[in-house]
Every structure is written in C-alpha cells, then in structure tokens.
Amino acid sequence: MSAGKTDYKWVGTRTIRPDGHDKVTGRAKFGSDFTLSGMIHGRVLRSPHAHALIKSIDTSAAEALAGVKAVITSKDFKDQPSEMIPAGEAMVNYKDMTRNVMAREKVLYDGHALAAVAATTVEIAEAALELIKVDYQVLPHVIDVDEAMADNAPILHDDLVPVGMDAKGPTNIAKRVEFTLGEVAKGFEQADVIIERSYTTAAVHQGYIEPHAVVASVSEDGQAQIWCCTQGQFMVRTFVGQLLGMATSAIRVTPSEIGGGFGGKTVVYLEPLATLLSSKVGKPVKMIMSREEVFRASGPTSASTMTYKIGATKAGKITAVDATLRLLAGAFPGSPVQPAAMCAVAPYDIENVHIVGYDVVANRPKVAAYRAPGAPISAFGAESALDELAKELGIDPLKMRQLNAAKAGTKAAYGPTFRNIGYQETLDAAEAHDHYKAPLGPNQGRGVASGFWFNIGGESSATVNINEDGTAVVISGNPDIGGSRASLAMMAAEELGIDYNDVRPIIGDTASIGYNFLTGGSRVTFATGLAVIEAARDAVRQLCERAAKIWEVDAEGVIWDDGHAKPASSNVGEFDPLSLAQLAAQAAKTGGPICGHNAQNVQGAGPGFATHICDVEVDPETGHVAVLRYTSIQDVGRAIHPSYVEGQIQGGAAQGIGWALNEEYIYNAKGKLDNPGFLDYRIPVASDLPMIEAVMIEVPNDRHPYGVRGVGEVPLVPPMAAVANAIENATGVRMENLPMSPPRVLAALDAARLRQAAE
Amino acid sequence: MAKHHVAVSINGEPVEYLCSTRQTLLDVLRDELNLTGSKEGCASGDCGACSVMVDGRLVCSCLVMGAECDGKTIDTIEGMADGEKLHPLQQKFLEEAALQCGICTPGVLVAAKALLERNNNPTETQVRYWLAGNLCRCTGYDKIVRAVMMTAADMRGGA
Ligand code: FES
Ligand code: FES
C-alpha cells in the first residue's frame with residue numbers, strides 16, 4: 001500500500017459532520033436520553049469506607065419496601081477465574097472485574113459498589129439503598145503510591161502475587177516491568193553532566209461531561225438488549241457475557257451517542273448490574289451515575305511518583321537515561337505502567353536506557369485508560385528532566401531535543417525500530433513558528449515539551465451498501481466521540497467517487513456489523529477507516545463487474561474512475577461510462593444488491609509525535625499561573641477532516657493544562673474522596689484558557705492508503721512538562737509535583753525567595 | 001405526596017405538567033416532557049449542560065425546581081432552530097466544528113445565544129467569561145469561542 005494519490009476531492013476538506021444537526025438541536029440521543037416503556041430504575045449502594053471487610057449485607061428491609069423489584073449483591077454473580085486477558089490498551093482480569101462492579105469479600109475504596117436496587121422510581125430505589133444494612137469491619141487503608149509500596153503498608157489483596165519480581169510476603173506491588181537498551185553505567189561514564197530528579201503526578205479524572213448511563217432489557221427467553229454510552233459496544237457484550245455467564249449471541253448492545261470518554265468508557269460499571277436486575281425483574285432497567293459516583297467510582301488515571309537520572313555530553317547528546325516509575329492502579333492491578341515506561345523517552349535516540357516500572361494497588365478506584373495511558377505521566381518527568389539538562393548545558397531546549405530526536409531507523413528502547421516518523425518535523429516547525437520567537441514580559445516564561453504515543457490498529461469490520469438511487473450507507477462499529485463518522489464517510493466518498501452528502505455513515509449495534517475493537521488507541525479513523533476503504537473498494541469491484549456484465553466484456557477490462565465504470569482502454573470497446581447511480585439502478589438485473597464488506601485485524605499504526613510550546617505568566621503574589629499562549633504541533637499523518645484533527649489537538653492540550661495546573665483527586669485522612677464534583681475538582685473553563693493553535697504536520701503513514709495516523713491521544717502527552725518548563729522559565733523555580741496549583745507555586749516561590757535572601 | 005400542577009410556556013407552546021416537590025426543572029424537561037436536549041452533567045450547577053432560559057434569564061435548569069415554574073416562559077435547545085432553519089449559532093457550530101462529542105453543545109448554544117442577545121459584539125474575553133459556566137471537556141473551547149464571535153460578526157453584518 002502506498003500513499004500515492006494526493007489530489008483528493010473529500011479527504012482534507014472541512015465537511016459538515018453527519019451527526020451534527022442532531023447534536024446542535026438537542027435531538028441526538030446520549031446515554032441517559034434513552035427510555036423504554038415499562039422501564040424501572042436502578043441505583044447502586046456504595047462503600048463509605050476506603051477499606052473494610054464486608055461481614056454481612058442484609059437486604060431484607062430494602063426488598064420489603066413497596067416499589068422495590070429486586071436487590072442484587074455479589075452473591076448474584078458467579079466468581080471468575082484469575083487470569084489476565086488482553087483487552088486493547090490494557091489487560092483485564094475477570095476475577096478483579098467482577099469484584100470491581102460488585103464488591104465481594106471487601107470494599108476496597110470509597111465509592112466501591114456493593115449492592116444495587118431496581119425500583120419503580122429513582123426515589124424508591126434511593127430510599128431502598130438506605131435500608132440495606134451492611135456490617136463492615138473497617139481496615140487500615142492506604143492511598144499514596146509510595147506508602148502502598150512500603151513494607152508495613154495495609155495490604156489490599158492477601159493473595160496478590162506480583163508479576164516480574166519476587167515478593168517476600170504480601171505486597172501491594174502487582175507487577176514490575178523493565179526495559180533495557182545498551183548499558184546505562186557505560187552511558188553515564190560518557191556523560192559530562194548528569195542530573196537526577198524526582199517527580200510526582202496526581203490522579204486525575206477523564207472528566208467526560210456525560211455520566212455513565214445504561215438501559216438494559218432482558219426478555220423471558222434470556223435475550224438481552226443493552227443501550228449505553230460506551231467506547232465499545234463489543235467490549236460491553238464480552239464483559240457482560242462473561243460476568244453474567246451469558247452467550248454472546250444472547251446479548252445485543254447498541255451504543256448511544258457518547259458524551260466524551262477519553263478512555264474512561266472502555267470498561268463496564270453499570271451494564272452488568274442493569275442487565276442482571278432486568279433479568280430478575282423482567283422489565284427494562286435504567287441506571288445513571290451521578291457526577292459524584294463518576295468521580296468516586298469510575299476510572300481516574302494513575303497517581304505516580306518517579307525518578308529520572310539523565311546524562312549528556314557537553315555537546316548535548318544524551319548518553320543514558322535511568323528511570324523508575326511507580327504508578328497507582330487503584331484497587332485492582334492494571335495501571336498503565338508498561339506504556340508509561342515504553343513511551344518515557346521514545347522521542348529520543350538514546351543508546352543506553354534503563355526503565356523500571358511498578359504497578360501498585362491502593363484504596364482508590366481502579367484506574368481506567370485516559371488518552372495515551374501512562375505516557376503523559378512518564379513524559380512529565382522525562383521532559384522536565386530534559387529541560388533541566390538543557391539549561392545546565394546552556395543549550396536551547398528545542399535544540400536539545402533536535403540533537404537527540406528519533407528518526408526513521410532509530411531503535412526505540414521499548415523494542416521496535418521506527419519507520420517514517422515525523423518527530424523531527426514537529427521540532428523544526430516549532431523552531432520556525434513565530435510563537436517561539438515572540439517577546440515575553442515580566443513574570444512570563446516559555447516552555448516546550450514533546451510527546452510520543454504508539455497508536456494502535458486492531459480488529460475492524462465495515463460494510464458499504466450501495467443504495468438503489470446511487471447513494472451509499474457505511475456501517476461500522478465504533479462509537480464516534482469526536483467526528484469519526486465524518487472521516488469514514490469522507491473516505492468512502494473518495495473511494496466511491498460520489499458526493500460526501502450521499503454517504504450516510506451509521507454505527508452498528510453488535511448484531512448488525514462484524515466485531516470491532518473499541519474506540520481507543522486513536523484507532524478509528526486509521527483502522528476502521530482502513531476497513532471502510534477496503535469495503536468501498538469491494539463495492540467498487542462489484543460495480544465494475546456489473547458494468548462488465550452489461551457491456552459483455554471481462555471484468556478486468558473495466559476501471560473505476562471518478563464515480564464511473566469505464567472501459568480500461570479502447571481495446572475493451574467503446575462504451576459510455578456508467579455512473580454509480582446507473583449501475584445501482586440496474587443492480588437487481590445484474591446480480592442483486594451491491595454490498596461491499598471488509599473485516600481485518602489492522603496492523604501498521606503509525607506512531608504519533610507532538611511538540612508543544614506554552615507561554616505562562618506567574619503571579620508572584622498568589623502563585624496563580626495563567627497560560628497566555630499555546631501552540632501544539634503534531635505529526636498527524638494525513639488529516640482526513642482537519643477541523644476534527646485540530647479539535648483533538650486542542651482538546652488534549654486543554655486537558656493537559658488542567659492536569660498541570662488544577663486537577664487532582666484529594667483524599668481525606670479516612671480515605672474518602674474530598675472533591676467528587678466539578679466545583680472542587682476543577683477542570684479548565686473557557687476563561688482559564690487562551691486560543692490553542694494546532695499546527696498539523698503531515699508525514700503520511702506509509703501503511704495506510706491515505707497516510708492516516710492516530711491523532712487523539714498524543715496531544716495529552718506534552719502539556720504538563722510544557723507548562724512546568726514555562727513556569728521554571730518565568731520564575732527560576734522548578735515545579736516537580738502536579739498539580740502546579742496556586743498554593744503549591746506560591747510555596748515554591750516563597751522558598752526560593754527565602755533561599756535568595758539567605759544567600 | 002400530591003404532585004404540583006404547573007402551567008408554563010415552553011418554546012412558545014403552552015405546556016402543563018405534574019411534578020413532585022423534589023423534581024428540578026431539568027428532571028421535568030427530561031423525564032416528564034421528554035425534552036432530553038438539555039443534559040445533566042452534574043445536577044449541581046457546575047457544568048452548564050442543562051442551561052435553559054426562564055423568563056429571558058439564563059439558568060441552570062438543575063438548580064430550578066419544577067414546582068416553582070408556574071406561569072413562566074421557558075426556552076430550551078429544542079426551540080432554538082426556527083423550524084427547518086437553524087439558528088446562526090447552530091449553523092456556525094457545525095461549520096466550525098465547535099463540537100466534538102456534543103454533550104455540552106445544547107447548553108453552550110443556549111448560553112451563547114443569551115450572550116449575543118445582550119451583547120452583539122463581545123470580545124474574546126467576554127465570550128470566555130460568559131461561557132465559563134459551561135464545561136466542555138473535548139474542544140479546549142477554541143472553536144467554540146471562535147464560532148460565537150464569528151456568529152456575532154455575521155449577525156451584526158446581516159442586521
Ligand atoms: S447539570 Fe445543571 S449545571 Fe450541570
Ligand atoms: S464537545 Fe464534548 S464536552 Fe464539549
């Protein structure tokens with residue numbers, strides 16, 4: 001496959017998205033907008049304790065309440081074997097999953113579900129929750145990652161056997177990973193300057209504005225229908241089937257419109273509960289999380305601590321990196337420590353790298369994926385340390401990165417050798433950008449940072465049906481979070497040679513399209529896009545065959561050009577071109593419906609690189625940091641719909657600025673989450689941000705017909721370090737702990753002023 | 001407990017509903033009247049996804065009780081387009097890709113329309129502060145702010 005043709009009609013244009021009108025008029029149906037007749041309502045009882053044994057649960061009073069139709073606890077779920085199953089960007093263990101959706105022996109975090117009620121109204125369901133009597137034996141808890149790793153830490157799982165290391169006795173360390181390239185000891189010997197630093201990052205939530213919601217309806221013959229907001233209807237089908245012991249064919253999942261996910265809707269919480277309740281009651285059951293439940297019980301990303309040691313020569317060549325990363329998984333193993341370790345210094349060509357990572361459990365909600373899981377965390381450390389190193393050497397930070405940039409042929413520490421990548425191009429564009437040269441005022445500073453994310457392919461299926469009137473329907477199976485339907489329709493229109501507005505893209509439920517891995521890993525436009533392209537080509541092949549039949553020539557004698565079948569050459573004969581509409585109109589006579597299809601496990605995702613430039617102003621009196629200007633430069637391969645690519649870049653930067661400056665999970669001494677709401681967990685609002693300039697660099701991915709790379713995740717990788725580096729540049733103070741909130745920055749400024757006064 | 005009988009005007013139409021004492025206007029719109037265009041992101045006045053106009057005032061409908069609306073005029077996202085014709089803000093949001101997932105969009109549009117009705121020439125800062133009560137996690141606000149300012153310019157030019 002090659003990215004040959006470049007004179008596109010639709011690819012690269014800014015079309016109106018097919019789902020747009022419904023979304024600006026309020027017509028679009030999101031998770032909680034769905035209702036069925038006869039529907040009743042489910043609510044979840046959640047633990048008020050961070051860590052406790054469940055000695056008993058008495059649901060009798062709740063069951064006796066008028067209007068209550070069913071109450072479930074972990075007793076209603078069969079236990080699951082302990083085995084790690086790959087599930088996209090993470091591994092899952094059904095033994096843990098069933099305990100996460102419904103606590104079994106213990107509650108392991110504030111907000112952990114331990115019973116659910118279905119009742120005729122939400123009010124009755126909530127009243128019933130208060131009638132459930134739980135006898136807890138409260139246990140000591142642990143919230144912090146370093147404390148959880150300490151010898152005397154309260155242990156969450158007595159039977160936890162760590163992977164990749166030996167443990168003497170019970171531990172909260174679930175896994176140790178290690179990546180080695182070259183010999184770091186030798187590398188440090190070659191270094192003229194070595195710096196060693198420690199960093200911490202706080203747990204942050206994906207912060208999608210739409211809470212989790214589901215309606216499940218199980219009929220008397222055991223057939224289940226589930227409507228929910230999810231990043232993967234097939235994932236929901238698999239997980240619900242496994243947890244409830246149902247056949248895959250008995251479950252049909254229809255994804256609603258989804259109000260944001262960012263990785264947080266790649267798991268199940270309510271779906272198995274609603275399905276089980278519905279099967280007990282024989283009525284559809286609707287469940288919606290409150291915002292507080294979203295914060296307390298759905299996946300944030302890991303909190304972390306890390307140390308970096310980096311050495312370089314006077315000329316700025318990095319000779320060695322040695323890093324240790326400790327990432328919290330929450331209550332069950334499975335932090336993104338592996339990708340964190342793999343991505344940490346992936347943008348650089350470094351001969352000697354040693355990275356060790358730990359996956360650690362503690363009494364917090366189980367983490368879920370969040371955009372480039374793990375990479376923003378390790379990049380905060382790496383890109384901060386790199387900046388310090390550049391400063392120490394007196395080398396411009398962009399120059400420092402250019403000197404060490406990975407290129408085609410560079411062997412990454414995590415294994416592969418890069419093909420054509422566009423990291424260098426992002427650095428060159430940053431250097432050339434007028435932002436990088438713009439003057440700065442007092443208390444202002446500029447920071448740069450880079451980031452890397454693999455991007456993934458995976459299983460995708462797509463169907464392109466040619467309609468009788470010459471229009472087309474594209475059926476695929478990935479929930480569309482940010483405009484992917486537009487991209488898929490554009491690629492289909494390009495292939496078929498018809499108007500974009502004549503292509504209707506539909507997202508199928510699990511029964512109407514082949515398997516699709518979930519929306520994640522920045523894969524949809526790339527991988528499902530590839531399936532759509534191949535399905536459209538399959539339809540084109542059939543269209544050419546139909547023309548051959550009409551003309552009574554060999555199919556090889558027909559080519560497809562600009563929406564028409566044409567004779568390949570004059571040798572074939574003189575025929576007027578047949579348009580797609582003409583061929584569609586005659587389909588019944590020439591062989592029946594024309595339906596293109598493709599299903600494959602897509603390989604060849606092109607990695608994504610980004611470089612961000614950030615200007616801040618730091619208020620010396622309050623420690624408040626204002627982001628004044630922000631430029632995100634990213635290799636996007638090929639932007640199918642540039643506006644939505646820019647949107648991914650801008651949105652990722654904004655989330656990163658929030659992670660950098662404000663967002664954090666705050667636990668009190670009892671291990672209860674203190675800020676489970678948007679008032680106290682403050683995500684950036686419009687007045688917190690400047691415009692975010694997205695600069696798209698197009699280094700086509702040579703393994704996609706249009707050169708597409710994933711674009712959705714890497715935008716979240718550089719911002720935290722870019723902001724920290726800017727703050728350092730503005731104040732001379734290095735912030736090593738996130739978030740860099742006003743009290744923390746002020747304390748650091750005060751400490752620096754004290755040091756200065758003492759000198 | 002007896003329900004409250006409430007008569008209001010919604011998007012220009014007379015509407016009557018029964019609601020319990022604890023139902024908010026948002027609950028009424030969504031659960032009683034099936035007007036699900038107004039979204040619930042927090043139920044605590046922090047996200048703006050539920051923004052509607054009550055008697056010409058921009059409010060979070062999750063903070064207004066359904067029972068206190070008797071006699072009031074309510075405008076929601078469902079009434080923003082004029083029949084087939086989108087409001088200029090709606091059209092501009094589509095053209096400028098000012099939405100990604102779209103869950104914040106109804107609230108943002110209602111709030112932006114309220115802004116343009118009182119200030120047809122807002123600065124970027126004014127737009128940002130006016131919309132500071134409408135959380136969007138997807139877009140970084142860039143395209144939203146631009147779309148609002150472009151619409152204002154169009155409406156001034158066309159008026
Ligand atoms: S739902 Fe009303 S402000 Fe969030
Ligand atoms: S577009 Fe998703 S929250 Fe605004």
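A cavity is a set of grid points where a 1.4 Å probe fits but cannot get out, and its lining residues have an atom within 4 Å of a point. In this predicted model, the second largest cavity is lined by residues of chain A and chain B: A:Ala654, A:Gln655, A:Pro684, B:Cys136, B:Arg137, B:Gly140 and B:Tyr141. By class, this lining has 4 nonpolar residues, 2 polar residues and 1 charged residue.

## Cavities

The count of cavities of 30 Å³ or more comes to 5. Two of them are set side by side below.

| Cavity | Volume | Lining by class |
|---|---|---|
| Largest | about 60 Å³ | 8 nonpolar, 1 polar, 1 charged |
| Second largest | about 40 Å³ | 4 nonpolar, 2 polar, 1 charged |

The lining of the largest cavity is made of A:Arg46, A:Asn100, A:Val101, A:Tyr109, A:Ala113, A:Tyr269, A:Leu270, A:Leu273, A:Met289 and A:Ala297. Of these residues, 8 are nonpolar, 1 is polar and 1 is charged.

## The contact between the chains

Chain A brings 52 residues to the contact and chain B brings 42 residues. Between them the two chains bury about 4,000 Å², and 58% of this area is on carbon and sulfur atoms. On the side of chain A, the residues that lose the most area to chain B are A:Val24, A:Ile209 and A:Met691, which together make up 19% of what that side buries.

There are 6 salt bridges between chain A and chain B. A:Glu123 forms a salt bridge with B:Arg22, and the closest N and O atoms of this pair are 3.7 Å apart. Polar contacts across the interface, counted with both residues at pLDDT 80 or more, come to 22 residue pairs.

Several helices of chain A take part in the side that touches chain B. Helix H1 (20-24), helix H4 (122-131) and helix H19 (642-661) of chain A each supply at least two residues of that side. The largest share comes from H19(A), with 9 residues. By class, the side of chain A that touches chain B has 24 nonpolar, 18 polar and 10 charged residues.

## The second largest pocket

The second largest pocket holds about 1,100 Å³ of space. Its lining counts 42 residues, and those nearest its centre are A:His41, A:Val122, A:Glu123, B:Asp27 and B:Asp31. A:Glu123, one of these residues, also forms the salt bridge with B:Arg22.

Which elements supply at least two residues each of the lining of this pocket? From chain A they are strand S1 (40-46), H4 and strand S14 (285-288), and from chain B helix H1 (25-32). H1(B) gives the most, with 5 residues. The lining divides into 14 nonpolar, 14 polar and 14 charged residues.

## Salt bridges over the whole structure

Over all chains, the search finds 52 salt bridges. One pair within chain A is A:Asp79 with A:Arg99, whose closest N and O atoms are 2.8 Å apart. A:Asp79 lies in the loop between strand S3 (68-72) and strand S4 (84-87) of chain A, while A:Arg99 is in helix H3 (residues 94-101) of chain A, so this salt bridge ties together parts that are 20 residues apart in sequence.

Note on methods:
Residues numbered from 1 in each chain as written. Chains lettered and ligands numbered in written order. Predicted model: local features only at pLDDT ≥ 70, side-chain atom pairs only at ≥ 80, totals over all residues. Heavy atoms only, no water. Contact = heavy atoms within 4.5 Å. Buried area = accessible area lost by both parts, 1.4 Å probe. Salt bridge = Lys/Arg side-chain N within 4 Å of Asp/Glu carboxyl O. Polar contact = N/O pair within 3.5 Å; in protein donor to acceptor, adjacent residues only side chain to side chain. Helix = DSSP H or I, 4+ residues; strand = E, 2+ residues; numbered from the N terminus. Nonpolar A, V, L, I, M, F, W, Y, C, P; charged D, E, K, R; others polar. 1 Å grid on protein atoms, 1.4 Å probe; cavity = no way out; pocket = protein on both sides within 12 Å on 5 of 7 lines; lining within 4 Å. Points joined across faces, edges and corners; volume = space filled by probe spheres on them.
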